[in-house]
Structure formats: C-alpha cells, structure tokens
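Biologist: Could you walk me through this protein, one question at a time? I'm new to this, so please explain each term when it comes up.

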Amino acid sequence: MTYLLPPLNALRAFEAAARHLSFKQAAHELHVTAGAVSQQVRLLEERLGVQLFERRTRQVILTSAGETYLTRVRQAFRCLADATAELRPEGVTSLLHIGVHAGFDLDGLRTRLAQFRQAEPQVAIRLSQPAGLDELLEGKVDVVIAERLRRYPGYRCEPIESGFLIGPLGTADCPEIETLRSCLLGHVELEPAATT
C-alpha cells in the first residue's frame, strides 16, 4: 500500500509554527527563514485543501481544522521518534552536546552527569566551556547551562540548581533533556554500586 503523505518538511514547519503560533519563531527553531516556513505551510494547506492557520498582522492562529490536524501530527511524530529509538542497536549512542558558561563549577556538574549517564546509558555527553546562548543559537551545542536567565524566542529557559538550562522548544520535552533537567535539579539519585 502506498501512503499519500505530505512532505515531511512541510509537516515539521506546520508543527513548529503551531507550537509557537509564529512563523518567525518556528523558522528560528528550524534554522530556516520565516518565508520558508510560510511557504511550507502554504504548500501543506494547498495539498490538503484546508486552511490550517488564520493569518493576522504579526500573528498566526490555528483554525479548528489546524488544531485537529496538529494533535494527529504530534502523535505521528512521537510514533516516529519511538520507532527510531527502538530501532537503534544496543550500544549505539547518540550525542548530547552541552554548553556551559565560563564560571560554572565543572566538579559539581560531573556528579550530576554521572547520574545522567546511569539513567541514559545510550547517550554520550560532550561538554563545551565556555559556551552560551550564541553557541546554542548557532547550533554548535544542543543545550546550554547559563549563569543568568536568558529568554529568547523559540527557546525554553528553566532554573536548575546553579543557573539555568536553555534549550530549543522543539527538543526541550524529549526524554533525554527531561532526564538531564532532573539530574541537574538533583531529582535523580545514583544507584549504589553492585558488590561482588
């Protein structure tokens, strides 16, 4: 059976724009221009024959059809993410690149990252210090541990024990980032080492 699916790029643009209710913020998250997001959404609407957004001055609002479609698109993306995670052979790791502000205490961080490695053994970690919001915006790191509160459209900034964790809204809810956040808050305890 052949599936009649819209282009994945158009679906990604739609989901990001719907989450932010902004083509500009969606564009920032996807590292494209706002015009490209608008064009992808327009292509999707033409292909479906349904208006997904009501466009207003400096704002977009989901139509009722858009809200219904968004729920199903998110479910489909979650299914794809789960299937991809299940397919990964044992021992194959993904990489989480963490940027850390210059004055952050790495000794304390290493303890928290040991907890993270125990909770997420399939995820390798790379630290870059110093790194900040500029490196995150340029895509050089996946998340940043910042000294001060730094808000930026399309990014989530959350307090942790010794600063703030900043990451793109599109990945801020992924299981690895949620586990990292819990470890940085001290909510994940190391299991005692097995004795022989």
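What follows is a set of short questions and answers on this structure.

Modeller: Sure, and note that this is a predicted model, where local features need pLDDT of at least 70, side-chain atom pairs count only at pLDDT 80 or more, and totals for chains, interfaces and linings use all residues. Residues are numbered from 1 along each chain as its sequence is written, and side-chain values use heavy atoms, with hydrogens and water left out.

Biologist: How many helices and strands does the protein have?

Modeller: Helices (H or I, at least four residues) and strands (E, at least two) are DSSP runs, numbered from the N terminus. Read along the sequence, they follow the pattern α-α-α-β-β-α-β-α-β-α-β-β-β-α. The total is 7 helices and 7 strands.

Biologist: What share of the 196 residues counts as buried?

Modeller: Buried means under 20% relative accessible area, exposed over 50%, and partly exposed in between (1.4 Å probe, protein chains only). The C-alpha atoms fill a box of roughly 65 × 40 × 25 Å along the principal axes. Of the 196 residues, the buried share is 37%.

Biologist: Is C79 buried or exposed?

Modeller: For contrast, take C183 to begin with: its relative accessibility is 0%, so it counts as buried. C79 has a relative accessibility of 53%, so the label for C79 is exposed.

Biologist: How many disulfides are there?

Modeller: A disulfide is a covalent bond between the sulfur atoms of two cysteines. The rule used here asks for a pair of cysteine sulfur atoms within 2.5 Å. By this rule the count is 0.

Biologist: How do the rings of F23 and F53 pair?

Modeller: Rings of Phe, Tyr and Trp (its six-membered ring) pair if their centres lie within 6.5 Å; planes under 30 degrees apart count as stacked, over 60 as edge-to-face and the rest as tilted. A search of the whole structure finds 3 aromatic pairs. The ring centres of F23 and F53 are 5.6 Å apart and their planes sit at 85°, so this pair is edge-to-face.

Biologist: How many residues apart are F23 and F53?

Modeller: The pair links distant parts of the chain, with F23 in helix 2 (residues 23-30) and F53 in strand 1 (residues 53-56). F23 is buried because its relative accessibility is 13%, and F53 is buried at 0%. Along the sequence, their separation is 30 residues.

Biologist: Which residues do the ring pairs link into a cluster?

Modeller: We've already met two members, F23 and F53. The full cluster is F14, F23, F53 and Y69.

Biologist: Which helices and strands do the buried residues of helix 7 pack against?

Modeller: Helix 7 (residues 175-184) has I177, T179, L180, R181, C183 and L184 buried. Contact means heavy atoms within 4.5 Å. The buried residues pack against strand 3 (94-100), helix 5 (106-119), strand 5 (143-146), strand 6 (155-160) and strand 7 (163-168).

Biologist: Which helix gives the most to the lining of the second largest pocket?

Modeller: On a 1 Å grid over the protein atoms alone, a pocket is an open set of points where a 1.4 Å probe fits, with protein on both sides within 12 Å along at least five of seven lines; lining residues have an atom within 4 Å of a point. The lining here includes L4, Y69, R72 and F77. Helix 1 (8-20) and helix 4 (64-87) each supply at least two residues. With 6 residues, the top contributor is helix 4.

Biologist: Which peptide bond is cis?

Modeller: Most residues other than glycine have a negative phi, and most peptide bonds are trans. P130 sits in the loop between strand 4 (123-128) and helix 6 (133-137). Omega is near 0° for the cis bond, which runs from Q129 to P130.

Biologist: What is the phi of L21?

Modeller: L21 lies in the loop between helix 1 and helix 2. With 38% relative accessibility, L21 counts as partly exposed. Its phi is positive, in a residue other than glycine, and lies near 50°.

Biologist: Which residues does H101 touch, not counting those up to four places away in sequence?

Modeller: H101 is in the loop between strand 3 and helix 5. Its relative accessible area is 12%, so H101 is buried. The residues it touches are Q129, A131, I145, A146 and E147.
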